[in-house]
Structure formats: C-alpha cells, structure tokens
Amino acid sequence: MSQNNRAVGSIGLFAIDEKAHLRRFDNSGVIPDRPATPVIEFSKTGVMQGFVEGANVNPVMEMSRLILVSRAFDAVTASLKQSEASAQEAVRTLGATS
C-alpha cells in the first residue's frame, strides 16, 4: 500500500481451499477448517487498486422478498387474532347459557 508515492504497508493475500468449511467469526469474518495458503503468483489472484467489490445480492429482489414475508406474517398474525377472538366469543356464549 502506498500513500503520497511512498510505501506505507502491504496486504497479505491468502487463498482458502474450495473444499474448506467456513465458520463465522464476529461480524463479517470467517475461519476455514483448513489452513489458508499465501498467494505467491499474482497473475490469477490479486487486489486491484481503485475497484469496488460488488454485492452478491440483488437489493430490489431482496426487498420484494422482505415485503412478501412481512405480508405473510401479518396475514398469519391477523388469522391467529381472529381465531382467538372466536374462541373467546364461544367461551362467553357457552358460559352465559349454563
């Protein structure tokens, strides 16, 4: 890494085996069950300055799914409330007649 045309540090780049199982660590880290190996040949693997990593999700599609799930939850909640109200009304009616 450089700042004002002066080297100020370096980034270690490591490759994780494709068959390795990853375990979550904290907020966004992962720990492989197999050790990562340092990348020595940068012709196929590397870091490019000035590039921004793209998201691996479609935000519009995910928002649509969130809305669908939210509506389904609301519908189930309303159905449960209506069922509970019917049961309470039945208890009141049966209790009043005895």
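This section describes the fold, strand pairing, salt bridges and surface of a predicted model.

The chain has a mean pLDDT of 88, and 98% of its residues score at least 70. Confidence reaches its lowest mean, 85, in strand E1 (residues 2-3). The highest value, 93, belongs to helix H1 (residues 59-97). The secondary structure consists of one helix and six strands, arranged along the sequence in the order β-β-β-β-β-β-α.

The overall dimensions depart from those of a compact globule. For 98 residues, such a globule would have a radius of gyration near 13 Å, whereas the chain has 28 Å. Along the principal axes, the C-alpha atoms occupy a box of roughly 90 × 30 × 25 Å. Burial is correspondingly worth stating: 2% of the 98 residues count as buried.

Within the strand region, E4 (residues 22-25) and E5 (residues 29-32) pair in the antiparallel sense, with four bridges between them. In this pairing, Arg24 is placed opposite Val30 of E5. The two strands form a hairpin in which three residues separate E4 from E5. One of the turn residues, Asp26, adopts a positive phi of about 55°.

Three salt bridges were found in a search of the whole structure. One of them joins the side chains of Arg34 and Asp17, with an N to O distance of 2.7 Å. This contact links distant parts of the chain, the two residues being 17 positions apart. Arg34 belongs to the loop between E5 and strand E6 (37-38), and Asp17 to the loop between E3 and E4. Arg34 counts as partly exposed because its relative accessibility is 35%, a value that lies between the limits of 20% for buried and 50% for exposed residues. Asp17 is likewise assigned to the partly exposed class, on the basis of a relative accessibility of 37%.

Helix H1 contains the Glu62 and Arg65 pair, whose members are three residues apart, about one turn of the helix. Their salt bridge has a separation of 3.4 Å between the closest N and O atoms. Glu62 has a relative accessible area of 32% and is therefore partly exposed. Arg65, at 44%, is also partly exposed.

Glu89 and Arg92 also lie in helix H1, again with a spacing of three residues, or about one turn of the helix. The side chains of Glu89 and Arg92 meet in a salt bridge with an N to O distance of 3.2 Å. Glu89 is partly exposed, with a relative accessible area of 42%. Arg92 is classed as exposed because its relative accessible area is 53%, and the exposed class begins over 50%.

The surface also carries a nonpolar patch formed by Met1, Val8 and Ile11. Together, these three residues present about 310 Å² of accessible area. Ile11 is situated in the loop between strand E2 (6-7) and strand E3 (14-15). With a relative accessibility of 54%, Ile11 counts as exposed.

Methods
Residues numbered from 1 in each chain as written. Predicted model: local features only at pLDDT ≥ 70, side-chain atom pairs only at ≥ 80, totals over all residues. Heavy atoms only, no water. Patch = residues over 30% accessible without salt bridge, like charges linked within 9 Å, V, L, I, M, F, W, Y side chains within 5 Å. Areas by Shrake-Rupley, 256 points an atom, 1.4 Å probe, with all protein chains shown as cover. Salt bridge = Lys/Arg side-chain N within 4 Å of Asp/Glu carboxyl O. Buried < 20%, exposed > 50% of the residue type's maximum accessible area, 1.4 Å probe, protein only. pLDDT = per-residue confidence, 0-100. Pairing = 2+ DSSP bridges. Rg over C-alpha atoms; globule rule 2.2 N^0.38 Å.
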